[in-house]
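I have my notebook open and a fresh page for this one. Here is what I looked up, entry by entry.

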Amino acid sequence: MKQETLKQILSAQAAKQPIVLASNLNTNEQLTLTPDQIGHPDWMVAALDAAIRSDKSRVTDAPDGTPWFFNVFNPPLRLIIVGAVHIAQPLARMGLEAGYDVSVVDPREAFASAERFPNITLIREWPDEALQNLALDARTAVVTLTHDPKLDDPALHVALKSAAFYIGALGSKKTQATRQQRLTDAGFASAEIARICGPIGLDIAAKSPAEIAIAILAEITQTLRQERS
Amino acid sequence: MANSSMTETATHSDDNVLAQAAAWADAGHKVALATVIETWGSAPRPVGSQLAIREDATFVGSVSGGCIEGDVVIRALDAIQSEASEVLEYGVADAMAWEVGLACGGKIKIYLEPLTHS
């Protein structure tokens, strides 16, 4: 690989843009491909699109039988945490470690402080505004942790209308039931509401904030990997 | 470690492998990159996983659960010298299985390439 090619991949990653490195495994010719480029052969454009859409790198044969390796570098998956509460602190750190681009949304500045969340993107806005601006997609997980319907519900409304691959809401079975009722009253169908994982997290009898964060991240991982593979 | 091979989603949470490779090159080191390009059976790391190797055998990242990294590093040092890319195959069917085979019974194909200036 040319150093220049490596720099192109790193700048695309820094700009959070998808990029694919195509390597001819016979001649070692390499091309960096992005979705907006024109002039490439049809088979290559199709392989590029498939790699980016499926998030899977793979070997594809050109029409002449030459094997090419398409290595996809998609922007990181995103984890949006609504509620800068205690559980959000270990969850944000663990999310970073698992490779997520983590944002914490909370309009309460005392909660969403840089002291409590070093190196994490903090968005001090109301969750509905914030989540609309974040353009949730199929590579995004949304977790609501505030317990406060004034903050959690608007976030869930936006999340349920999006393609987010995971939506989880903290709260007991009783809290879940009242939340479901509010969402029903707001016009959401039961199939839509069923997308919300709650009580949140895998049942590992977690107690401390860090343990609950492990349970949540485990459930996000399970949803991501089991449904996509 | 039993993954579903070809269907495994390749993620690049090990992005820092490439960043590290670039940092080494900028500091004047010679560097090679090894990338998993195909897997069969229960391979420990998905397609797209990468290892960056420096001329003094320092490395970051992974292409298996540690089963074949030793051999990949040795071959990478040759690739750094020869400036030639090659495809490596590992698996139980490999003649060198006793030395660098995969205990899990999987097969891995690796693309090994030196980082070059032009």
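Before the first entry I note a cut-off: a residue is called buried when its relative accessible area is under 20%, and exposed when that area is over 50%. I also note that this is a predicted model.

**Entry: B:Thr35**

I began with B:Thr35, which I found in strand β1 of chain B. Is B:Thr35 buried or exposed? Its relative accessible area is 3%, so B:Thr35 is buried. I then listed what B:Thr35 touches, leaving out residues up to four places away in sequence. From chain A the list has A:Phe69 and A:Asn71. From chain B it has B:Gly48, B:Ser49, B:Gln50, B:Lys109, B:Ile110, B:Tyr111 and B:Glu113.

**Entry: the cavity**

Next I searched the whole structure for cavities of 30 Å³ or more, and one turned up. I put its volume at about 40 Å³. Which residues line the largest cavity? Chain A gives A:Leu21, A:Ser23, A:Phe69 and A:Asn71, while chain B gives B:Thr35, B:Gln50, B:Tyr111 and B:Glu113. My friend from the previous entry, B:Thr35, is thus one of the lining residues. Sorted by class, the lining has three nonpolar, four polar and one charged residues. I also checked which elements each supply at least two lining residues: they are β1 (19-24) and β4 (67-73) of chain A, together with β5 (107-114) of chain B.

**Entry: helix α1 of chain B**

I moved on to helix α1 of chain B, residues 16-26. Which of its residues are buried? I wrote down B:Val17, B:Leu18, B:Ala21, B:Ala22, B:Trp24 and B:Ala25. Looking down the axis of α1(B), I see these buried residues fall within an arc of 160 degrees, so they line one face of the helix. A general reminder for myself: an α-helix has 3.6 residues a turn, so residues three or four places apart point the same way. On the other side of α1(B), I found B:Asn16 and B:Asp26 exposed. The cover over the buried residues of α1(B) includes α1 (3-14) and β4 of chain A, and from chain B it includes β1 (31-40), β2 (50-54) and β3 (59-61). After α1(B) comes B:Gly28, with a positive phi near 95 degrees.

**Entry: B:Ala79**

B:Ala79 sits in helix α2 of chain B, residues 69-82. With a relative accessibility of 3%, B:Ala79 counts as buried. Leaving aside neighbours within four places in sequence, I found B:Ala79 in contact with B:Ala84, B:Leu112 and B:Pro114. I also took the C-alpha distance from B:Ala79 to B:Leu51: the two are 28 residues apart in sequence and 14 Å apart in space.

**Entry: A:Leu134 and chain A**

Over in chain A, I located A:Leu134 in the loop between α4 (127-133) and β8 (140-144). At 17% relative accessibility, A:Leu134 counts as buried. Not counting residues up to four places away in sequence, A:Leu134 touches A:Arg78, A:Ile80, A:Val105 and A:Ile123. Its C-alpha atom is 9.6 Å from that of A:Ser103, 31 residues apart along the chain.

For chain A as a whole, I counted eight helices and 10 strands. Of its 229 residues, 50% are buried. The domain assignment gives domain 1 (3-73) and domain 2 (78-228), and I noted 33 Å between the C-alpha centres of these domains.

Note on methods. Residues are numbered from 1 along each chain as its sequence is written. Chains are lettered from A and ligands numbered from 1 in the order in which they are written. This is a predicted model: local features need pLDDT of at least 70, side-chain atom pairs count only at pLDDT 80 or more; totals for chains, interfaces and linings use all residues. Side-chain values use heavy atoms; hydrogens and water are left out. On a 1 Å grid over the protein atoms alone, a cavity is a set of points where a 1.4 Å probe fits but cannot get out, and a pocket is an open set with protein on both sides within 12 Å along at least five of seven lines; lining residues have an atom within 4 Å of a point. Grid points are joined across faces, edges and corners, and a volume is the space filled by probe spheres set on the points. Helices (H or I, at least four residues) and strands (E, at least two) are DSSP runs, numbered from the N terminus. Ala, Val, Leu, Ile, Met, Phe, Trp, Tyr, Cys and Pro count as nonpolar, Asp, Glu, Lys and Arg as charged, and the others, Gly among them, as polar. Domain bounds come from an automatic or database domain assignment. Buried means under 20% relative accessible area, exposed over 50%, partly exposed in between (1.4 Å probe, protein chains only). The arc is that of the directions from the helix axis to the C-beta atoms. Contact means heavy atoms within 4.5 Å.
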